[in-house]
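Subject: Structure handover

Hello,

Here is the structure I promised to pass on. Please open it next to this email.

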Amino acid sequence: MDPLNAAQADRVRAVLALGGVPQDDLQDGLQQVRLRLLERRARGEDPPRDVGAWAAVVASNLAVDWHRGRHRQERVSARLTLLSPPDDQVQDGPENSVQALAVAEGLDALPAAQRQVLVLRYYADLTVPQIAEQLGVPLGTVKSRLYAAAKLLRERLHVEETV
């Protein structure tokens with residue numbers, strides 16, 4: 001029996017992709033998250049209170065590890081392919097590609113800890129308290145990382161509104 005339901009697995013893949021893991025490696029990342037959950041069970045540990053949040057954080061940590069080991073241009077290219085819709089879908093034109101590149105580069109420029117909380121908050125849809133609990137850091141640390149990440153991303157994208 002799969003320890004993750006379909007929605008949790010989709011969230012894990014999304015967190016991995018947004019963390020810079022290329023599409024070809026997403027299934028491996030998902031399997032690593034499943035394996036860690038099964039290892040927890042095998043050790044007799046209680047299951048996480050919120051399996052979905054726990055899995056998103058594990059995926060985020062895997063993405064951070066992967067992200068550290070790759071060259072910048074490779075990461076941007078991989079994200080662009082994930083952000084590009086298939087050819088059979090309607091595209092808004094080259095403006096979307098430029099925007100996707102800018103966001104990918106902006107995320108890429110963030111320090112790992114800031115990128116991690118930004119992805120967990122806005123892409124994995126975890127609350128600030130959930131992020132703090134899952135990462136084992138104070139609530140204020142999560143808030144300050146989110147603030148700093150949003151500020152840096154806005155500066156990088158030259159955007160005035162809140163991210």
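Below is what I found, going from the overall fold to single residues.

Please keep in mind that this is a predicted model.

Overall fold

The chain has eight helices and zero strands. Read from the N terminus, the elements run α-α-α-α-α-α-α-α. There are 163 residues, and 39% of them count as buried. Look also at the contacts with a sequence separation of 6 or more: 66% of these are accounted for by residues 24 or more positions apart.

The core

The largest nonpolar core holds 37 residues. Within this core, V12, L16, V33 and L126 touch the most other members. Six helices each supply at least two of the core residues: α1 (6–18), α2 (23–42), α3 (51–68), α6 (112–122), α7 (128–135) and α8 (139–157). The largest share comes from α3, with 10 residues. As background, nonpolar side chains in soluble globular proteins tend to be buried together.

V33 is worth a click. Not counting residues up to four places away in sequence, V33 touches L4, V12, W54, A55, V58, A59 and L62. One of these partners, V12, is also among the core members with the most contacts to other members.

α7 against α8

How do α7 and α8 cross? Their axes come within 8 Å, at an angle of roughly 115 degrees. The two helices are therefore roughly perpendicular to each other, as angles from 65 to 115 degrees count as such. The crossing of α7 past α8 is right-handed. On the α7 side, the contact is made by V128, P129, I131 and A132. On the α8 side, L139, V142, K143 and L146 take part. By class, this contact has seven nonpolar residues, no polar ones and one charged.

α6 against α8

α8 also packs against α6. Here the angle is about 95 degrees, and the axes are 8 Å apart. That makes α6 roughly perpendicular to α8. α6 brings A113, Q114, V117, L118, R121 and Y122 to the contact. α8 brings V142, R145, L146, A148, A149, L152 and L153. The class count is 10 nonpolar, one polar and two charged residues. V142 and L146 of α8 appear in this contact, and they also appear in the one with α7.

Q114 deserves a closer look. This residue is found in helix α6. Is Q114 buried or exposed? The relative accessible area of Q114 is 14%, so Q114 is buried, the cut-off being under 20%. Leaving out residues up to four places away in sequence, Q114 touches R145, A148, A149 and L152. Those four residues are also listed on the α8 side of the contact with α6.

A loop residue

Where does A124 sit? A124 lies in the loop between α6 and α7. A124 is buried, with a relative accessible area of 1%. Setting aside neighbours within four places in sequence, A124 is in contact with R11, V15, A56 and V119. A124 and S60 are 64 residues apart in sequence, yet 9.3 Å apart in space, C-alpha to C-alpha.

Where to start

I would begin with V33 in the core, then go to Q114 in α6, and end at A124 in the loop between α6 and α7.

Best wishes

Conventions. Residues numbered from 1 in each chain as written. Predicted model: local features only at pLDDT ≥ 70, side-chain atom pairs only at ≥ 80, totals over all residues. Heavy atoms only, no water. Core = buried A, V, L, I, M, F, W, Y, C linked by side-chain atoms within 4.5 Å. Buried < 20%, exposed > 50% of the residue type's maximum accessible area, 1.4 Å probe, protein only. Contact = heavy atoms within 4.5 Å. Axes fitted to C-alpha atoms, helices over the stretch in contact; angles between N-to-C directions. Parallel < 35°, antiparallel > 145°, perpendicular 65-115°, else oblique. Left-handed = near helix turned anticlockwise from the far one by under 90°. Nonpolar A, V, L, I, M, F, W, Y, C, P; charged D, E, K, R; others polar.
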